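The following exercises are to be worked with the sequence and the coordinates at hand. Each task is followed by a solution in steps.

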Amino acid sequence: MGSLEGIIAGFQVAFSLEGLLFVMIGVFVGTFIGMMPGLGPISAIAVMIPITFGMDPAPALVMMAGVYYGAIFGGSTSSILLNAPGVSGAVATAFDGYPMAQQGKAGKALAIAAISSFIGGTVSVILLMLLAPMLSSVAISFGPPAYFALMLMGLTAISSLSEGSTIKALISAVAGFMIVTIGIDAQTGTQRFTFGNVNLLEGIDFLVIALGLFALAEVCTLIIKRKDLSQENAHKLGSMRLSKQDFKDMSGPVTRHSFLGFILGVLPGAGATIASFISYITEKKLSKNPEEFGKGSVKGLAAPETANNAATSGAFVPLLSLGIPGSGTTAVMLGAFLVLGVQPGPLLMTDRPEIFWGIIASMYIGNVFLLILNLPLIPYFAKILKIPRPLLISLVIMFSIIGVYAISFNTFDLYMLLLFGVVGFVMRLFSFPAPPFILAFILGGMMEQAFRQSLTISNGSLTVFVQDPIALTLLIVALLSFVFPLIRVIRSRRA
Amino acid sequence: MLKTVNQRISLVLIVVGIGYLILAFQLPSYAYVPVDADIVPITLGILLILLASCLYFSKDSETEEQKARRKIPKKDIGALLAVFSFIFVYILFLELMGFVLMTMLFIFFCSWFLGYKKHLSNALVSILFPLCMYGMFTEFLNISLPQGLWPF
Amino acid sequence: MKKVFIGVVFVVLLIFSAACSGGDEEASGTEGSKEWKPEKPIEIVAPAGAGGGWDTTARMAAKVFTEEEIIDSDIGVVNKAGGGGAVGWAYVAGQEGSPYNMFVASPPLLFIPLNGQSEYGHEDFTPIANVIADYAAFAVAADAKWDNLNELFDDMKKDPSSITVVGTSSPGSMDHIQFVQIAKAAGVDVTKIKYVSDQDGVGLTQLLNGSVDVFSTGVSETVEQVKAGTIKVLGVTSEERLEGEVLEDFPTAKEQGIDATFVNWRGFFGPPNMDEEAVAYYEEKFKELSDSEAFADIRKQFGWDEMYMNSEEYQQFLDEKKGEIQSLLDELGLGE
């Protein structure tokens, strides 16, 4: 194939002094921006585009890639420490990361996140290097029916995210699905539930919901407990050293989700957020002690953190080898390529091997940099929790506000944030779990669109879902994962 | 009829579901697709009503701990309302007064209100923090935050 | 009691500082000078989030203005996302008469008001200048049975239900209408066109895996795929053939006997009733921008075409385009 020479050229780019320097700058800026609440990889890349203008493309792109996965890497910090996810891919990280930090194990939680991210990132780069040319056909193998089946499969896991009452979990999910129907419907251009308000035309942003339901709702709980001494635990940072048992617990999820996350990342439209959620629920389903999830489980933290980083590398497959941006973030990344006069696509590997392989090779180094950059800083990050409660509460609120404002630069979204804060708090009071709400919000929207696209294409015939082999397989899996727990329940009742 | 918490919640949800359904049925139709924009919302509305009815008849499955969450002292409810009104005022004046001034005021007063007594360090944080954030966003990241009355 | 006090102090301080804000607005008005020149920072609104086409155009223009020293004042790009542009437009509309605000726009400024999604349309603003143009391309898979638009349209006339068109925007907006416009000129019954919208930008994927048949998109998005031999472009919507490697091989709809074109123009607008002096100033500056070598490089990098129009030409052009789109939407039953 002659790709060996290309790979060598790529490594030369990545390991040159210039390459190393720019990878370092990239991952540093990326982690930094990713840690800022609300500023995700999209803003990080967009911000860097004007800076790279006129630079030599190879080092510039190596840097941009670093910014991208660095932002995902850094996004977990505020999720874990403050329950305030700054990046949508880090929402699932908060499910177990935040409880762990609250138990006085913040240092450990951050270390687990960093190590899982590192492994997920590295394994997926290896996969990317070995399989990128082949995987490009996987990336385009999913038609609308297959996407519908994939999303449906994800949604069948809702009951597993309940805190006791399955009905309440399902109600949460339906509510989340209802919220995502707000806005202009893509298939018809119809305005749904917008009440003539222009601010609602594009729907409600995911981060508004996530920060409202998680960060602000948590703020409410903190306010109530602000004088409660039993909460002193949260002031402890704990050791960041992991025990043998921790590593043992991590090994399973980290291995599994390096692969699963990568594959989901390869599919255009899926991306880090969906990968992290699907990994979380898969891990919970596989676990022998699912009741530990949501209460600071090591596995529950390692799974989404591995997956979101693996998915980030995965997203480079369609981008580099097909020129197809699979998400908003990679679309901006594509813009960054174009600014530098590089057109990603099927020809990139042969025309500009040094760039194609240079980016991939640099990701090994980038991940190592991220690890050595982040691990020593963990004790300092964790100190955030030492900030006196009243001040910390004010700061979390402010961060949530900046985060949301930086999405649309519009105060309307801030009022929505406030509203969802109240909704989130009320849901907590009445034991309605928030994760199904968020999951249905993410998957539901895509599922509806894929469902209707499929039927438009098939002129309304439902057979389109069973004719497509991928869709059929996924639908069967979805059905089984729905039916099996049901059978188990019925059996246990009889016994 | 409204004995348990579940029953009360379920009635509220049914009302929400009906409201949503009414809106869903009013959606204009579009001639060129087999599945129109209202199908999924209608399904969701019906699902919500069904699930809420199930909730009405379901036994209370909450643990004691979950129930305890609802016992909030009156004083704390007041504190919550106050903090939310602070946030509301913060948002209301954010664009008019600018990020820096509003954030300074917000951090200082909100922390004070919640019982932070070290006024000097509170003042320091509430002055330096917004300045750093503002400088970083506008200068380094080129993302403009509301300037308001802030001179530069 | 103490808490009440804190609350009161907070509110009083607010009112006080809000009251102070009223004072300095009057002093900053600029009147009377004949040769208008900006004295304050200029704000360009990109009515979308960071990274999109509008944002890129605005940021690149601001960059060239500053770096080539065409305009001395500071130029800031502000994102006002939402409603496909409507939120940003409403914001600029509120700055009536201000010579320091402008926004970047393209055909959605015509589509979105016509779809009833924005109360402001191009007639509410002051056109300053158009700078670039882009064109639509209709692509099919490389092994598709059609080799030109007429073969495709003939099949669409025979059995419209067998052909699906994909684009990024929702029906009634750009990717849909650009196709409808050309198809109509070729005699296809436009109410029978099957169109699906894929907002995650996966339209190309759907084309490559055979889920859909035609991809309605921008010219530059197709070049690399055509080079790689995965898709073929049946037609582009420009008046004449485009220049450049690969691009010059794309047949126009016109040369295939279909008398229709579609331009994805992109330019800058000011708030309602912008001062004429200011418009004249900016017109000239945008001309300079458009003629500069730095901007030519940027155009080349992004695959944009040069298309300068001054305020008056722009106004006329827009009125004309709006009429065309209106009649198409009426035929589809999508207009408000």
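**Exercise 1. A nonpolar surface patch**

Which residues make a nonpolar surface patch of about 970 Å²?

Solution. The model is a predicted one. The patch is made by A:Val466, A:Leu472, A:Ile476, A:Leu479, A:Leu480, A:Phe482, A:Val483, A:Phe484, A:Leu486, A:Ile487 and A:Ile490. Next, assign the patch to secondary structure: helix H22 of chain A (residues 469–494) gives the most to it, with ten residues. Finally, take one member as a check. A:Leu480 is placed in helix H22 of chain A. Its relative accessible area is 42%, so A:Leu480 is partly exposed, as this class lies between the limits of 20% and 50%.

**Exercise 2. Annotated spans in chain B**

Identify the residues of chain B that UniProt lists as "transmembrane region", and describe the chain over two of these spans.

Solution. The unreviewed UniProt entry lists residues 12–33, 39–57, 77–93, 99–116 and 123–145 of chain B. Consider residues 12–33 of chain B: the span is 64% helix and 0% strand, and its end C-alpha atoms are 34 Å apart. Then consider residues 99–116 of chain B: here the chain is 83% helix and 0% strand, with 22 Å between the end C-alpha atoms.

**Exercise 3. Aromatic pairs**

Determine how many aromatic pairs the structure holds over all chains, and classify two of them from chain C.

Solution. Over all chains there are 42 aromatic pairs. One of them joins C:Trp265 and C:Tyr314: the ring centres are 5.8 Å apart and the planes stand at 90°, so the geometry is edge-to-face. C:Trp265 belongs to strand S9 (residues 263–270) of chain C and C:Tyr314 to helix H11 (residues 311–332) of chain C, so the pair ties together parts that are 49 residues apart in sequence. Both C:Trp265 and C:Tyr314 are buried. An edge-to-face pair is also formed by C:Tyr281 and C:Tyr282, with 5.3 Å from centre to centre and 75° between the planes. For burial, apply the limit of under 20% relative accessible area: C:Tyr281 counts as buried because its relative accessibility is 12%, and C:Tyr282 counts as buried because its value is 0%. As a last step, place C:Trp265 and C:Tyr314 in one aromatic cluster with C:Phe103, C:Tyr120, C:Phe125 and C:Phe269.

**Exercise 4. Lysines over rings**

Over the face of which residue does A:Lys168 lie, and over which does C:Lys80 lie?

Solution. A:Lys168 lies over the face of A:Phe432, 5.4 Å from the ring centre. C:Lys80 lies over the face of C:Tyr91, at 4.5 Å from the ring centre.

Technical notes. Residues are numbered from 1 along each chain as its sequence is written. Chains are lettered from A and ligands numbered from 1 in the order in which they are written. This is a predicted model: local features need pLDDT of at least 70, side-chain atom pairs count only at pLDDT 80 or more; totals for chains, interfaces and linings use all residues. Side-chain values use heavy atoms; hydrogens and water are left out. Patches are made of residues with over 30% relative accessible area and no salt bridge: like charges are joined within 9 Å, nonpolar side chains (Val, Leu, Ile, Met, Phe, Trp, Tyr) within 5 Å. Accessible areas come from the Shrake-Rupley method with a 1.4 Å probe; for residues, only the protein chains shown count as cover. A salt bridge is a side-chain nitrogen of Lys or Arg within 4 Å of a carboxyl oxygen of Asp or Glu. Helices (H or I, at least four residues) and strands (E, at least two) are DSSP runs, numbered from the N terminus. Buried means under 20% relative accessible area, exposed over 50%, partly exposed in between (1.4 Å probe, protein chains only). UniProt positions are given in the numbering used here, feature names are shortened, and annotations may be inferred rather than shown by experiment. Rings of Phe, Tyr and Trp (its six-membered ring) pair if their centres lie within 6.5 Å; planes under 30 degrees apart count as stacked, over 60 as edge-to-face and the rest as tilted. A charge sits over a ring if NZ of Lys or CZ of Arg is within 6 Å of the ring centre and within 35 degrees of the ring normal.
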